[in-house]
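Student: Please take me closely through the part at the start of the chain. Then set it against the rest of the fold, with a few single residues as landmarks.

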Amino acid sequence: LVEAIEVARKGWDMHLTTIRNEHAYYCCVTQLFCSVPHPFPSAPDTVYVAGDSHSLSSAWQVINVNGRDTQLVPALVTGLKCFHLRPEAVFFPKHNFYSVIGKIPRGSRVVFLFGEIDCREGIIMAVEKGKYKDMDEGISRTIDFYLNVLDSLTKQQEFVIYVQPVAPVLNETREVV
């Protein structure tokens with residue numbers, strides 16, 4: 001499949017088009033697909049990694065946790081901003097988040113890896129539109145939405161939750177994180 005698509009996209013500057021985000025996602029998934037062992041390895045223990053596309057880099061890898069092999073299983077929720085988790089939101093990524101999270105077994109260990117999109121564009125745009133008085137308020141409110149949901153999941157699903165902070169690897173996010 002990758003070979004067929006690569007031939008079709010050759011010579012196109014898709015990063016300059018309206019499908020640049022989809023193209024970037026395709027490139028990310030293609031690179032990861034080529035590095036994931038087939039068939040997927042298995043291990044006696046599992047940690048779920050819930051996140052946007054950034055969660056895929058660890059997908060299906062086996063790590064050692066306290067002397068036990070542990071498989072990292074992705075729980076992919078594309079396009080989710082922590083802002084989407086606020087109570088009044090009805091945007092699709094929020095519904096998708098709860099659908100994906102609902103498939104994780106009760107009592108599981110889960111790494112949550114969200115917030116990069118908020119830092120890259122969401123909070124900045126919200127401040128520019130006047131939804132928050134400044135970046136500090138935007139960051140604080142966004143973190144509150146996220147932590148309230150994680151607290152609720154801890155109580156309702158009995159998850160053991162770990163939060164992966166947003167890595168300051170992009171110029172757009174360095175000032176925010």
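Tutor: Let me begin with a convention: helices (H or I, at least four residues) and strands (E, at least two) are DSSP runs, numbered from the N terminus. By that count, Thr 17 sits in the loop that joins H1 to H2. This is a predicted model, in which local features need pLDDT of at least 70 and side-chain atom pairs count only at pLDDT 80 or more, while totals for chains, interfaces and linings use all residues. Residues are numbered from 1 along each chain as its sequence is written, and side-chain values use heavy atoms, with hydrogens and water left out.

The part you asked about opens with helix H1, which covers residues 2-9, and continues to helix H2, residues 20-35. How many of the eight residues of H1 are buried (under 20% relative accessible area, with exposed meaning over 50% and partly exposed in between, using a 1.4 Å probe and protein chains only)? The number is zero, so H1 lies largely in the open. Helix H1 still has a partner, though: its residues Val 2, Ile 5, Glu 6 and Arg 9 make contact (heavy atoms within 4.5 Å) with H2. On the H2 side, the residues that meet them are His 23, Tyr 26, Cys 27, Thr 30 and Phe 33. The two helices pack at an angle of about 145 degrees, and their axes are 12 Å apart. Here the axes are lines fitted to C-alpha atoms, for helices over the stretch in contact, and the angles run from 0 to 180 degrees between N-to-C directions.

Now follow the backbone out of H1. Just after this helix comes Gly 11, with a positive phi of about 90 degrees. Further along the connection to H2 is Thr 17, which is partly exposed because its relative accessible area is 28%. For a sense of distance, the C-alpha of Thr 17 is 42 Å from that of Gln 157, a residue 140 places away along the chain.

With that in place, let us step back to the whole. The chain has six helices and five strands, and from the N terminus they run α-α-β-β-β-α-β-α-α-β-α. The C-alpha trace spans about 50 × 50 × 30 Å along its principal axes. Of the 177 residues in the chain, 36% are buried. When contacts between residues at least 6 apart in sequence are taken, 64% of them join residues at least 24 apart.

Gly 11 has company in its positive phi. Asn 66, which is not a glycine, also takes a positive phi, of about 50 degrees. Asn 66 belongs to the loop between strand E2 (62-65) and strand E3 (68-76), and it counts as exposed because its relative accessibility is 78%. Another non-glycine, Glu 158, has a positive phi of about 55 degrees. Glu 158 is in the loop that leads from H5 to strand E5 (160-163); with a relative accessibility of 48%, it counts as partly exposed.

That loop brings us to helix H5, residues 135-157, where Val 149 is found. Is Val 149 buried or exposed? Val 149 is buried, because its relative accessible area is 7%. Setting aside residues up to four places away in sequence, Val 149 touches Leu 85, Phe 97 and Tyr 98. Its C-alpha is also 8.4 Å from that of Arg 86, although 63 residues separate the two along the chain.

Asp 136 belongs to H5 as well, but at 60% relative accessibility this residue counts as exposed. The C-alpha atoms of Asp 136 and Tyr 98 are 28 Å apart, with their positions 38 residues apart in sequence.

One last landmark is Val 127, in helix H4 (residues 116-128). Beyond its neighbours within four places in sequence, Val 127 is in contact with Tyr 132, Asp 134 and Met 135. From Val 127 to Ile 139 there are 12 residues in sequence and 9.9 Å in space, C-alpha to C-alpha.

So, back to your starting point: none of the eight residues of H1 is buried, yet four residues named above, Val 2, Ile 5, Glu 6 and Arg 9, meet H2.
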